[in-house]
Amino acid sequence: MSDTHQIHHNYDLSKHNTMALSCIADTAIILHDEAALPTLDLTSFFVLSGGSNVLLPSRLHTTVLLPRMMGIKTVSEDDKQIILSVKAGEDWHKLVTHCVHQGWYGLENLALIPGLAGAAPVQNIGAYGVQLEDVLVSVRAFDWQTRSFVTLSRDDCHFAYRHSIFKDNPERYLIVAIDICLHKDPTRYNSSYGDLHAYAQKLADEQARPITPADVYQAVIAIRQSKLPDPKVLANCGSFFQNPIIATAQYNTLKEQYPTLPNYLVDDEHVKVPAGWLIDQAGLKGLGVAPILTHQKQALVLTNHAPQVATQADIKTAQTFIIDTVFDKFGIRLVREPVWVRENGQIGENQS
């Protein structure tokens, strides 16, 4: 036992992944202080944060690192903005809530996303028109290659849609903290995505005042709760497929056949279409291959109806069925969003 970390053998991870897949790790190290990292002699490892975006095997023959470093501190502040340093183990939604209540804005669209702060840069988490990169200043991480702590700027992170340098190099960096820059302007908000504006406007009208970032925060929570299952009640790992980006020409062709097909402009030649809409229109809402089914209210979410019994093989069967069905109907091949973990702790790339 140590003040900086705890080591466990044959460690049960079934409660450390929101899909509730049964998984036993050969070794697990719970990290309470980044000071432990230079002392660890590891030849292989897998970093498991909040477990909300991973698909684990039944057995992990490697060392699993569970970052649980806690703390939020102010780096700098003036009348217009504040820069915060947030440790990797902080709960993401609690962080968002804390910031909104303090009058620090920029995270409100990312409310109710499950997981911990340290995992946020890996996927460049995003929702309702906002991504982490919009507020991120830098990432502090331990570089296993050089066995030293490094600070990566936003540009260094090579952010893209649900992608980053950390996803490309899963065994190189362990994120210990993130610095984010938030603003203090109560008239500045982003409610342009989907039905968010209408909901936020309703909240503002009820109090006869303009929309505020706090209204956007409340609207995001209400919309997500109306569509998405709570993983504590029904096991799931959130959005299972990325929203595909397709050529505008392909979209225009599909639009002729499916006039209600939504789109979000990416650039002059590409648009993003909602994966949930495609799955729904393919007749798969509430279906799949038992025990893995799409959610009745949001087809983008796959749910596990046999917690601690279902396996990666069950996930793959349902995933393949959905991908093939959507491709047959629309000619669009969906891409899985959650990380597929192999028994040796390495990240799998097979999408079907």
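Helices here are DSSP runs of H or I with at least four residues, and strands are runs of E with at least two, both numbered from the N terminus.

**Figure 1. Overall view of the protein chain in a predicted model.** The protein chain contains eight helices and 21 strands. Its radius of gyration is 21 Å, close to the 20 Å that the globule rule gives for 352 residues, so the chain is as compact as a globular protein of that length. The C-alpha trace spans about 60 × 55 × 35 Å along its principal axes. Buried residues make up 51% of the 352 in the protein chain. Among contacts in the protein chain with a separation of 6 or more, 63% are between residues 24 or more positions apart.

**Figure 2. Surface and charged side chains of the protein chain.** The accessible surface comes to about 15,900 Å², and carbon and sulfur atoms account for 49% of that area. The protein chain carries 29 positive and 37 negative side chains. The centres of these two sets lie 4 Å apart.

**Figure 3. The span annotated as a domain, residues 21-185.** An unreviewed UniProt entry places the feature "domain: FAD-binding PCMH-type" at these residues. Helix makes up 12% of the span and strand 39%. The C-alpha atoms at the two ends of residues 21-185 lie 43 Å apart.

**Figure 4. Close-up of R68, in the loop between β5 and β6.** Strand β5 covers residues 59-67 and strand β6 covers residues 72-77, with R68 in the loop between them. R68 has a relative accessible area of 21% and is partly exposed, because the buried class is limited to values under 20%. Leaving aside neighbours within four places in sequence, R68 is in contact with H16, I30, L31, H32, L48, S49, G89 and L116. One of these contacts, L116, is 48 residues from R68 in sequence, and the C-alpha atoms of R68 and L116 are 8.8 Å apart.

**Figure 5. Close-up of D143 in strand β10.** Strand β10 runs over residues 136-143 and includes D143. D143 counts as buried, at 3% relative accessibility. Beyond its neighbours within four places in sequence, D143 is in contact with S148, V150, R172 and Y173.

**Figure 6. Close-up of the annotated active-site residues R162, S239 and E337.** The "active site" feature at R162, S239 and E337 comes from an unreviewed UniProt entry. These positions are spread over 176 residues of sequence but cluster in space, with a largest C-alpha distance of 11.4 Å. R162 lies in the loop between β11 (148-153) and α3 (165-168). At 11% relative accessibility, R162 counts as buried. Apart from neighbours within four places in sequence, the residues in contact with R162 are Q123, N124, I125, G126, A127, Q131, K167, Q242 and E337. One of the residues in contact with R162, E337, also carries the "active site" annotation from UniProt.

**Figure 7. Close-up of A198 in helix α4.** Helix α4 is formed by residues 196-206, and A198 lies within this helix. A198 has a relative accessibility of 55% and counts as exposed, because the exposed class holds values over 50%. In sequence, A198 and F45 are 153 residues apart. In space, the C-alpha atoms of A198 and F45 are 46 Å apart.

Definitions and conventions: Residues numbered from 1 in each chain as written. Predicted model: local features only at pLDDT ≥ 70, side-chain atom pairs only at ≥ 80, totals over all residues. Heavy atoms only, no water. Rg over C-alpha atoms; globule rule 2.2 N^0.38 Å. Buried < 20%, exposed > 50% of the residue type's maximum accessible area, 1.4 Å probe, protein only. Contact = heavy atoms within 4.5 Å. Areas by Shrake-Rupley, 256 points an atom, 1.4 Å probe, with all protein chains shown as cover. Lys, Arg positive; Asp, Glu negative; His and termini not counted. Charge placed at Lys NZ, Arg CZ, Asp CG, Glu CD. UniProt positions renumbered as here; feature names shortened; annotations may be inferred.
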